[in-house]
Amino acid sequence: MKQKKPVQPAPDELRAEAAVNEVLGTRRFDYDDQTEPGKADFLLDPIDGAGPKVALEVSSTTDPARQGLWNGLGRYYEGPIPGLQGDWQVQFTSGTHVKQSATPLIELLQHLERDGVDKISLDGWNDSTPPGQFPSQQHAERLHKLADLKIVSAQRVRSDKASGRIFPFELGGGIARHTADTISPYVDAFLGSEQGANKVKKLARYTDREGHLFVWADRGQFDVTMALRRGFVPADSPNVPDSLHTIWFGSLDAGEYVYRWTRSGWTITTVTSWVATNSPTNASAEG
């Protein structure tokens, strides 16, 4: 059998490893380079020999459809588009088929540029339609095309430096709440998924190490980001299997803060290695 080529950890995995190492005083002993099955993402040992030995798995609550969307958008819209004069911000949805929609979308934007139209949206129209009247037939047809492509809106960004690019964005779910009451349910949902069950099963094999699971929130879960930034600590706990010692729950948009769950409950921990050099550091909120 041909030997597999080693694979380096992804950036979000390295970020999670850095957090655990900083907080626990550990360092990497081994990692999963995907050359053999069943290994934990990271095996961490104490620097001074006195702390815990950890088996760490890193995962995400990102919806597979949304992940596929952004992978496709990165491939199709990473540079200037031939035939497009202006720059456009386009709001996609998880239902957008990136490959099939690419050519019709570009043609639609070219028609809008030709007619001097800077914005089109399923949330309203912008074709000088008088109040109380329906949009023109042409604009209605364009809205229908937008809906067929499962795209919400497109708006031209006028600039002297325009290069004919499409800048995708997406509005996901999640409302910025004034509590942290969604944190434990998010973790419960992940643990109850097939992906979560596989992570727990893998960690359970390391009976000589603490099992740690680090979960990144979906970037559309704004409630997680805002709860971390505002220091809201969950009052409840998720239903965690006995084989898991610690759960870390973070947001890539929440700065230096990360949730940490143990049998004592939730706390918020500050990770100084995540802080940019020009940012304030270490204002930990413990609950």
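In this predicted model, Asp41 and Lys199 are both buried. The two residues form a salt bridge, with their closest N and O atoms 3.6 Å apart. Asp41 belongs to the loop between strand 1 and strand 2 (42-46), while Lys199 sits in helix 6, so the pair ties together parts that are 158 residues apart in sequence. Lys199 also forms a salt bridge with Glu57, and here the closest N and O atoms are 2.8 Å apart. Glu57 is buried as well. This second pair again links distant parts of the chain, with Glu57 in strand 3 and Lys199 in helix 6, 142 residues apart. Through shared partners, salt bridges join Asp41, Glu57, Lys199 and Lys202 into one network. In general, side chains of opposite charge can pair when their charged atoms come close.

Across the whole structure, the search finds 9 salt bridges. One of a more exposed kind is worth a look too. Arg114 and Asp115 meet through their side chains in a salt bridge of 3.2 Å, N to O. Asp115 is partly exposed, with a relative accessible area of 35%, and Arg114 is exposed, at 57%.The strands come next. An open sheet of 7 strands follows the order 1-2-3-8-9-10-11, with mixed pairing. Strand 1 (26-31) and strand 11 (265-270) stand at the edges with a single partner strand each, so one side of each is left without a neighbour in the sheet. From one strand to the next, the twist averages 30 degrees. Within this sheet, strand 3 (residues 54-60) and strand 8 (residues 210-216) run parallel and are joined by 7 bridges. Glu57, already met as a partner of Lys199, stands opposite Leu213 in strand 8. Helix 6 (residues 194-204) packs on the sheet, touching strand 3 and strand 8, and its direction makes about 170 degrees with that of strand 3. Helix 7 (residues 222-230) packs on the sheet as well, where it touches strand 9 (246-250), strand 10 (257-262) and strand 11; the angle between the directions of helix 7 and strand 10 is about 90 degrees.

Another open sheet has 4 strands in the order 5-6-4-7, also with mixed pairing. Its edge strands are strand 5 (119-121) and strand 7 (166-169), each of which pairs on one side only. The twist in this sheet averages 20 degrees from one strand to the next. Strand 4 (residues 87-92) and strand 6 (residues 151-157) run antiparallel, joined by 6 bridges, and Trp88 stands opposite Arg156 in strand 6. Helix 3 (residues 98-114) packs on the sheet and touches strand 4, strand 5, strand 6 and strand 7, its direction making about 130 degrees with that of strand 4. Helix 4 (residues 137-148) lies across strand 5 and strand 6, at about 60 degrees to strand 5.

Which residues touch the most other members of the largest nonpolar core? Of its 27 residues, these are Leu191, Leu213, Leu244, Ile247, Phe249 and Tyr259. Helix 5 (183-191), helix 6, strand 8, helix 7, strand 9, strand 10 and strand 11 each give two or more residues to this core, and helix 5 gives the most, with 4. Leaving aside residues up to four places away in sequence, Ile247 touches Val187, Leu191, Leu213, Val240, Tyr259, Arg260, Trp261 and Trp266. Apart from this core lies another, of 23 residues, including Leu105, Leu109, Leu112 and Val117.

Key:
Residues are numbered from 1 along each chain as its sequence is written. This is a predicted model: local features need pLDDT of at least 70, side-chain atom pairs count only at pLDDT 80 or more; totals for chains, interfaces and linings use all residues. Side-chain values use heavy atoms; hydrogens and water are left out. Two strands pair if DSSP finds at least two bridges between them. Axes are lines fitted to C-alpha atoms, for helices over the stretch in contact, and angles run from 0 to 180 degrees between N-to-C directions. Contact means heavy atoms within 4.5 Å. A nonpolar core is a set of buried Ala, Val, Leu, Ile, Met, Phe, Trp, Tyr and Cys residues joined through side-chain atoms within 4.5 Å. Buried means under 20% relative accessible area, exposed over 50%, partly exposed in between (1.4 Å probe, protein chains only). A salt bridge is a side-chain nitrogen of Lys or Arg within 4 Å of a carboxyl oxygen of Asp or Glu.
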